[in-house]
Amino acid sequence: MNWTGRLDHIHICAEGSADMTELDEAKLIAGKGIEGDRYFLGTGTYSDKPAPDRQVTLIESETLEALARDHNMELTPIESRRNLTVTGVPLNHLVGKKFRVGEVVLYGGRLNTPCQYLDDLLGKKLFKLLLNRSGLNCEIVEGGVIRPGDTVSSME
């Protein structure tokens with residue numbers, strides 16, 4: 001399955017529960033994470049349970065649009081607490097596959113599981129609404145610099 005999408009937003013934060021910051025570009029380091037992000041620094045909420053697929057997280061802009069349209073629930077890209085917001089990228093089909101974000105190569109490790117933590121942090125009831133559409137947790141295979149507007153594409 002060949003497809004092409006777009007990187008819309010990049011977000012990081014320095015420690016768990018801290019506000020996310022939007023970036024104009026980010027440096028992704030293979031096997032490590034996004035420079036300056038909580039999981040790169042080991043200060044994330046789940047840093048005590050390290051896993052290669054916690055290096056970068058993605059969510060589809062289509063999911064955020066569906067929440068607003070179908071459930072009257074606004075969740076902005078920065079509130080999603082995912083590192084990358086993408087459009088036109090079939091995240092649920094990328095588990096076990098490599099794909100490109102600009103010059104970077106990611107490996108889809110596992111689907112992100114919604115958690116009560118996000119509901120509590122934002123004061124919104126999102127848990128059930130995000131089941132099977134909470135995003136993708138990835139490992140960085142080949143690092144580099146990415147920017148919003150970069151192409152996201154299959155490697156098949």
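**Warm-up.** Which residue just after helix 2 takes a positive phi? That's N72, with a phi of about 55°. (Helices, H or I with at least four residues, and strands, E with at least two, are DSSP runs numbered from the N terminus.)

Before you go on, a word on the model. It is predicted, so to speak of local features we need pLDDT of at least 70, and side-chain atom pairs count only at pLDDT 80 or more, while totals for chains, interfaces and linings use all residues. Residues are numbered from 1 along each chain as its sequence is written, and side-chain values use heavy atoms, with hydrogens and water left out.

**Exercise 1. Find the buried residues of helix 2 and say what covers them.**

Step 1: Get the cut-offs straight. Buried means under 20% relative accessible area, exposed means over 50%, and partly exposed is in between (1.4 Å probe, protein chains only).

Step 2: Go along helix 2, residues 61-71. You'll find S61, T63, L64, A66 and L67 buried.

Step 3: Look at what covers these residues. The cover includes strand 1 (4-12), strand 5 (56-60) and strand 6 (84-87).

**Exercise 2. Work out how strand 1 pairs with strand 11, strand 6 and strand 2.**

Step 1: Recall the rule: two strands pair if DSSP finds at least two bridges between them.

Step 2: Try strand 11 (residues 151-154). It pairs with strand 1 in the antiparallel sense over 3 bridges, and G5 has V152 as its bridge partner there.

Step 3: Move to strand 6. Here 4 bridges join it to strand 1, again antiparallel, and L7 stands opposite V86.

Step 4: Finish with strand 2 (residues 21-22). This pairing with strand 1 is antiparallel too, over 2 bridges, and I12 stands opposite T21.

**Exercise 3. Find the aromatic pair and describe it.**

Step 1: Use the cut-offs. Rings of Phe, Tyr and Trp (its six-membered ring) pair if their centres lie within 6.5 Å; planes under 30 degrees apart count as stacked, over 60 as edge-to-face and the rest as tilted.

Step 2: Search the whole structure, and 1 aromatic pair turns up. The ring centres of W3 and F99 are 6.4 Å apart and the planes are at 50°, so this pair is tilted.

Step 3: Place the partners. W3 is in the segment before strand 1 and F99 is in strand 7 (residues 98-101), so the pair ties together parts 96 residues apart in sequence.

Step 4: Check burial. W3 counts as buried at 11% relative accessibility, and F99 is buried at 0%.

**Exercise 4. Follow three of the 6 salt bridges.**

Step 1: Know what you're after: a side-chain nitrogen of Lys or Arg within 4 Å of a carboxyl oxygen of Asp or Glu.

Step 2: Start with E25 and R147, whose side chains meet at 3.0 Å, N to O. E25 lies in the loop between strand 2 and strand 3 (26-29), and R147 in the loop between strand 10 (144-146) and strand 11, so the pair ties together parts 122 residues apart in sequence. E25 is partly exposed at 42%, and so is R147 at 40%.

Step 3: Next, R38 and D37 meet at 3.1 Å, N to O. Both R38 and D37 are buried.

Step 4: Last, D53 and R110 meet at 3.2 Å, N to O. D53 counts as buried at 12% relative accessibility, whereas R110 is partly exposed at 28%.

Methods. Contact = heavy atoms within 4.5 Å.
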